[in-house]
Amino acid sequence: MTIIQELLLKLGVTFLLAIGLFGLFLYFANVRAKKISRMVAAVFVATLLLFLSLLVFASGLVPPLPRVLHNWITLFAYLGATFVVLKAADLLLIEDFLIDKKGLHIPDLIRLLIILAGLAVGVLVFLRLVVGINVIALVAIPTAATAVIGFALQDTIKRFFAGIMLGKLVRVGDWICVGGKEGWVTKVDLGHLTIMTRDDDLLMIPNNLVVQQDLLNYYKPTTTHARTVLADAGYNAPPLQVTAVLIEAAKAVSGVLADPAPQAFVAAFKDSGIQYRLRFWINDHALALDLDGQVLAYVWYAFKRNGIEIPFPQRTIHMTKPVGEDESMWREQERIRGALRRIDFLAVLSPDGLDHVAQEAKIQLYLPGETVFHQGDVGAELYCILEGSAEVRMREGTMVSTVATLGPMQFFGEMSLLTGERRSATVLAQTRLEVLMLTKQALAGPIRENPVLAEQMSAVLAQRKSDQAARLQEMAARRGETDRDREARARSLGARILKFFGVGD
């Protein structure tokens, strides 16, 4: 075998062995969805070229390299191979096996230290074996020089060890508060902790300063975190009613956890009203301020619907009537009358009776997710949808199912309004929901003045209930209902209406 053939054989074997090992590394990394950095690939290519060049210079076909240069090239080739092996072990053993599969928390700083320590050992070994340098002499640095270097690098050393400590407290992606600054951790390196603030500003804090301050991690021990907002209500509102309204308002906000359930307490008696503290839990601190604002917005609408006043500072003021107030009120009354005319069982009312009902009716607004009423609640109100949509849910045992979706000009709650029946279903706002609320007091006057209206309304409601029942498969048997049955049921319903409104015996 000639020298050229022998060289080509060595080059081929070395190349194929290196490519095979690195290809195996790439295969396992791809299977386990791990990304290999460009630096590792570049070091591998440079190391392979160094080994191939050493084979060429050792073949005798070209003039040999000077011994010193040959030794240093060999040193860098071995160090490159060591670096690639250490990175492969870090990726497949530490990151994939110990962290992902075993769930151990090994900070990035520790992983970097392992690689640096491996390279340091490799340098010492290869310096002794390849270059022939006495590494003990290198370690025996004069004491004075050691003191000078240590003093100069004391801040760096502090940051380094503080970074190791921080690796146990925070991870990339955690929301923390340090030095009065909130943000999510983007990087923890040997010297600095980097966070992205809520204003999208990057803030770098030296590790040694971080460990000297109070550090609050909102993601430890879990991502569940309590938030507290304050709300004031007037002294005329019973505290138990206010706390119940606050809790229901918080429950309706998307992003507020149902477990633990929101809590509300009386916080203080102030000059203008009572201050309440509403506490709720979230699991994404990045949305904390947004959810605080949404909860307070829901509280405002809930207070308005329930007639709870948000007090102003007490002072004497002179009120003037706003320009155009009469026109605005007239338009609202016309809108209410138009909605009332669409309710079939109210068609029997006289124009005066309809005007009386319109004056008593109220427009209320519900935000998405808020509950209008629950199944089984006691109520005496009817709701007609002006804008938006509502979802009707029924509970049977532990099962809850959606039975209908209601839109504009559809109404619900009529049986509770006219007979005082408990609510047969739960209704909640699917979108921003504007409804016209009609109370028992609104119909009390017209019915007491003309009791015949109760019989007329009951006939309309009985027919409506029969039509609804006929459309349901599970109530198909009722389709054979006779006129006499319908009349009897209407009379019974009429008697219940009169009794509920206190007319007759």
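Student: In this predicted model, what is the order of the strands in the open sheet of four strands?

Tutor: The model is a predicted one, and its open sheet of four strands is built with antiparallel pairing. Within this sheet, β11 and β14 pair in the antiparallel sense over two bridges, and Y383 stands opposite F412 in β14. Read across the sheet, the order is β9-β16-β11-β14.

Student: Which strands of that sheet have one side left without a neighbour, and why?

Tutor: A strand at the edge of this open sheet has a single partner strand, so one side of it is left without a neighbour in the sheet. That is the position of two strands, the second of which spans residues 411-412. The strands in question are β9 and β14.

Student: In the open sheet of three strands, which strands stand at the edges?

Tutor: This sheet has the order β6-β8-β7, with antiparallel pairing. The edge strands, 225-233 and 263-269, each have a single partner strand, so one side of each is left without a neighbour in the sheet. Neighbouring strands here are turned by 25° against each other on average, when direction is ignored. The edge strands are therefore β6 and β7.

Student: Which residue of β8 does F265 stand opposite?

Tutor: Strand β8 covers residues 274-282 and pairs with β7 in the antiparallel sense over six bridges. The residue of β8 that stands opposite F265 is R277.

Student: At about what angle to β8 does helix α9 run?

Tutor: Helix α9, made of residues 239-251, lies across β6, β7 and β8. Helix α10, residues 288-305, also packs on the sheet, where it touches β6 and β8 and makes about 35° with the direction of β6. For α9 against β8, the angle is about 30°.

Student: Which element gives the largest share of the lining of the second largest pocket?

Tutor: The second largest pocket has a volume of about 730 Å³ and is lined by 32 residues, with E248, T371, V372, F373 and H374 lying nearest its centre. Elements that give two or more residues to this lining include α10, β10 (371-373) and β12 (390-396). The largest share, five residues, comes from α9.

Student: On which residue is the kink in α3 centred?

Tutor: Helix α3 has 35 residues, 67-101, and reaches 48 Å from its first C-alpha to its last, close to the 51 Å expected at 1.5 Å a residue. The helix nevertheless contains a kink of about 30°. The residue at the centre of that kink is E95.

Key
Residues are numbered from 1 along each chain as its sequence is written. This is a predicted model: local features need pLDDT of at least 70, side-chain atom pairs count only at pLDDT 80 or more; totals for chains, interfaces and linings use all residues. Side-chain values use heavy atoms; hydrogens and water are left out. Two strands pair if DSSP finds at least two bridges between them. Axes are lines fitted to C-alpha atoms, for helices over the stretch in contact, and angles run from 0 to 180 degrees between N-to-C directions. Contact means heavy atoms within 4.5 Å. The expected span of a helix is 1.5 Å times one less than its number of residues. The bend at a residue is the angle between axes fitted to the seven residues ending there and the seven starting there. On a 1 Å grid over the protein atoms alone, a cavity is a set of points where a 1.4 Å probe fits but cannot get out, and a pocket is an open set with protein on both sides within 12 Å along at least five of seven lines; lining residues have an atom within 4 Å of a point. Grid points are joined across faces, edges and corners, and a volume is the space filled by probe spheres set on the points.
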